[in-house]
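Biologist: Before we discuss any labels, could you put the model on the screen, so that each term can be set against what it stands for?

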Amino acid sequence: MSESFLTAEEIRHAYSVLRPVVKRTPLQKDIYLSEEYQCNIFLKREDLQHVRSFKLRGAYYAISQLTEEELTRGVVTASAGNHAQGVAYTCYKLQIPAKIYMPVTTPRQKIDQVQYFGGDYVEVILTGDTFDESYTASMAYCQEVGSNYIPPFDDRDLIAGQASVAVEIFNKAEERGDEIAYLFGAIGGGGLMSGVLSHSKRVSPHTKVIGVEPAGAASMKAALEAGHPLELSEIDKFVDGASVGRVGDIPFDFISAMIDDVMVVPEGAVCTKIIDMYNRSAIVAEPAGALSIAALEEYRDKIIGKNVVCIISGGNNDITRMQEIEERSLVYEGYQQYFLLNFPQRAGALKEFVSDVLSPGDDITLFEYVKRNSRDSGPVVVGILLEDKNTYPDLIKRVAAFDPKYVEINKNPMLYSLLI
Ligand SMILES: Cc1ncc(COP(=O)(O)O)c(C=O)c1O
């Protein structure tokens, strides 16, 4: 393995610093997933880490490597997510002043968590409408006072800290005498999987390491295709931890050289897994934390009979997002359907629609129209929750008979985001 990647000594040192600080999170066999995929699936439960994500590891190690003199000038970061919590927790533990820049749009709950972990050592500065604006402000401050910027993923020490996730995984596997055939984990900016690969490829070269990105922000896939990191023109921020427009330069070098596959999974599939994990095993995974599980479907045939590890990288799932998560899952699975229809504006039309178009177990979840007496018919947005998604082809035939000019809103993302 090239020495431009992390050395065994760098990883060992990072783990020796982190060992007394981080939780050695469990590597648990999940019986439901193991049965579903006919293999042994082990979950690395970083949702149970302090601050509920692996992000503490890299942040703590990177800050711990600053010199005494650097530490007197405090640290600065810009983040609206788990990295901010990792930095805040570290600064409280090490009693270092930190300024954490967050966009003004950051949900209150996240601001409160950062402030809670950081106590008096952390000042949260709300500035800018977007992450980029708060990042620019944080860098300007950093340069002005000579403070230390702690990046979320593009930093060698930080990556060495994230490698400790893999150290624990392979130590535990060795203790149990298990060979790991596949290891799945999320890619945002690429720090986590750079660290994981650095250790995994050294101690277990046969383990296939798969990075997983959300379809709405597949910046590592795009970088691999282009041969260098590049900025995506648009990203879907739904999988917030892993929605990064441009991957880091160091992570790109590490990942492009070592990864076995980078998979892209739809946000709806991630939502289904979040719900399944909660319902079956009471595991609260945030969207980025569930990416690794959502990737299994594609690997179904390859993993049969093997030992597989999925990193549940975080569990900071805001309860107020559950409704959206359920909706996205139902749409993705094909149960929730939306149509734009031309509806006759006369008494009894809705009753006819229900009896002629719906199956007995189907439910109307949305019906929006404005009655205009001057017209014979008008557009209606109607949501139908199917009892059995396999009845969709029959439903479509009946919808077409009702209005031949019907529009399937699910198939038009722009219309969907406008109307639903
Ligand atoms: C829960 C969770 N998973 C995965 C990631 C992606 O990590 P990285 O940016 O190091 O690739 C993040 C990043 O914030 C995260 O918070």
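Biologist: By class, how many nonpolar, polar and charged residues does the shell around the ligand have?

Modeller: In this predicted model, the shell has twelve polar, six nonpolar and two charged residues. Glycine counts as polar in this scheme, so Gly188, Gly191 and Gly241, which are among the residues that come nearest to the ligand, belong to the polar class.

Biologist: What makes a residue count as near the ligand, and which come nearest?

Modeller: The C-beta atom, placed from the backbone, has to lie within 6 Å of the ligand; of the 20 residues around the ligand, Gly188, Gly191, Gly241, Ser313 and Gly314 come nearest. Two or more residues of the shell are given by each of helix H5 (82-94), helix H9 (191-203) and helix H13 (287-294).

Biologist: Which domains give the shell at least three residues each?

Modeller: Domain 1 (8-54 + 156-326) and domain 2 (74-146) each do so. The chain also has domain 3 (334-419), and 47 Å separate the C-alpha centres of domain 2 and domain 3.

Biologist: Why are S1 and S9 called edge strands?

Modeller: The open sheet of six strands runs in the order S1-S2-S10-S7-S8-S9, with mixed pairing, and strand S1 (27-29) and strand S9 (261-265) each pair on one side only.

Biologist: How do you know that S8 and S9 pair?

Modeller: Pairing requires at least two bridges, and S8 (residues 208-214) and S9 have five bridges in the parallel sense, so the two strands count as paired. Within this pair, proline 214 stands opposite valine 265 in S9.

Note on methods: Residues are numbered from 1 along each chain as its sequence is written. This is a predicted model: local features need pLDDT of at least 70, side-chain atom pairs count only at pLDDT 80 or more; totals for chains, interfaces and linings use all residues. Helices (H or I, at least four residues) and strands (E, at least two) are DSSP runs, numbered from the N terminus. Domain bounds come from an automatic or database domain assignment.
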